[in-house]
Amino acid sequence: MTRRVRFVEGGFRVETLAEAEGPVRLHVLPDPSAALARGEPVKRNLYRAAAKLDVPGLGTLLLKVHRPRGFVDGLRAALRASRARKEWTASRYLRGAGIPTPAPVLVAEQRRGLRLVQAASAARFLGRRETFAPALAAQPPAKARALVARSARLVRAFHDRGISHGDLHSGNLLVAPGPGDRCDLDVIDLHTVKVGRPVSPRARRAQLAQWLHSLAAVVGPGGRLRVLLAYLGGRPARRTLARSWAALEAGVAARERRRRRSRGRRCVE
């Protein structure tokens with residue numbers, strides 16, 4: 001296992017790979033936000049910004065800087081691990097469990113007492129990747145069916161290993177170039193992931209429904225059934241299959257109703 005080091009610099013408590021300490025000190029610290037500004041922007045929302053950053057000695061990283069927003073988020077960050085720390089912990093757990101995800105490189109937290117000022121995390125950047133739905137749509141039919149089944153088996157694999165992904169959708173499973181029966185898959189965006197405890201049947205159903213709802217534009221009822229069969233594995237009893245199928249379809253429909261209500265509310269606002 002790769003040795004890790006911990007140190008304090010620029011007000012940040014940092015944990016990183018031993019071989020990455022020098023480049024991290026030189027090119028990411030003492031201010032991860034300044035390093036982020038030098039990179040190529042990838043994503044930004046109220047809570048975090050992400051950029052593709054070339055770091056001498058380490059190659060290309062995906063650097064994320066997280067900042068609490070508002071009282072509730074600040075209180076949560078004070079009492080719990082930061083989003084950056086959760087991502088670091090989850091990515092190490094996933095890789096140890098054999099679930100493909102970008103290799104974590106560092107986590108850094110700046111606190112004043114319990115209050116989190118900002119936090120940063122970085123992982124190896126995966127080039128030439130596409131999110132799942134457009135990658136699936138580009139595959140020929142036979143390879144698309146194989147890719148759909150592989151995604152279901154991957155979801156089952158991390159559920160069986162005590163990994164619960166609270167934000168499982170098409171954008172958080174990356175697909176490398178190649179045919180659907182062989183191309184690499186990687187799970188990303190791990191700050192909502194919980195690890196180390198059995199995943200309940202209810203959570204499994206909810207996450208599988210969330211996954212399939214995100215693929216509604218490219219996966220119809222037949223594809224959803226294929227996902228369910230691959231997830232269950234083997235030849236499930238007819239009653240088990242019927243009950244699971246009904247619950248899955250109800251979950252997908254419920255998510256669609258919530259999406260429409262949310263979209264309508266945003267339009268009114």
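Start your tour by selecting Leu173: beyond its neighbours within four places in sequence, Leu173 is in contact with Glu130, Thr131, Phe132, Ser151, Leu154, Leu185, Asp186, Val187 and Trp211. Keep in mind as you look around that this is a predicted model.

**Stop 1: Leu173 itself**

Colour by secondary structure, and you will find Leu173 in strand S10, which covers residues 173–175. Is Leu173 buried or exposed? Leu173 has a relative accessible area of 4%, and buried means under 20%, so this residue counts as buried. Now add Leu225 to your selection, 52 residues away along the chain. The C-alpha atoms of Leu173 and Leu225 are separated by 20 Å.

**Stop 2: Phe132**

Next, click on Phe132, one of the residues in contact with Leu173. Which residues does Phe132 touch, not counting those up to four places away in sequence? They are Leu147, Val148, Ser151, Ser170, Leu173, Val175, Trp211 and Leu215. Ser151 and Trp211 are worth showing as sticks here, as Phe132 touches both and Leu173 is in contact with both as well.

**Stop 3: the nonpolar cores**

In soluble globular proteins, nonpolar side chains tend to be buried together. To explore this theme here, select Ile99, Phe132, Phe158 and Val187, the residues with the most contacts inside the largest nonpolar core, which has 38 residues. Then show the elements that give two or more residues to this core, among them S10, strand S11 (185–187), helix H5 (132–137) and helix H7 (201–213). Which element supplies the largest share? Select helix H6 (141–160): H6 provides nine residues of the core.

Now move to Val14, Leu17, Leu53 and Ala122. These four belong to a second, separate core of 30 residues.

**Stop 4: the whole chain**

Zoom out and switch to cartoon view. You should see nine helices and twelve strands. The radius of gyration is 20 Å, close to the 18 Å that the globule rule gives for 269 residues, so the chain is as compact as a globular protein of that length. Along its principal axes, the C-alpha trace spans about 60 × 40 × 35 Å. Buried residues make up 43% of the chain. Of the contacts with a separation of 6 or more, 60% join residues 24 or more positions apart.

**Stop 5: the surface**

Finally, turn on the surface. The chain exposes about 14,400 Å², and carbon and sulfur atoms supply 53% of it. Colour the charged side chains to find 53 positive and 20 negative ones. The centres of these two sets lie 8 Å apart.

Key:
Residues numbered from 1 in each chain as written. Predicted model: local features only at pLDDT ≥ 70, side-chain atom pairs only at ≥ 80, totals over all residues. Heavy atoms only, no water. Helix = DSSP H or I, 4+ residues; strand = E, 2+ residues; numbered from the N terminus. Rg over C-alpha atoms; globule rule 2.2 N^0.38 Å. Buried < 20%, exposed > 50% of the residue type's maximum accessible area, 1.4 Å probe, protein only. Contact = heavy atoms within 4.5 Å. Areas by Shrake-Rupley, 256 points an atom, 1.4 Å probe, with all protein chains shown as cover. Lys, Arg positive; Asp, Glu negative; His and termini not counted. Charge placed at Lys NZ, Arg CZ, Asp CG, Glu CD. Core = buried A, V, L, I, M, F, W, Y, C linked by side-chain atoms within 4.5 Å.
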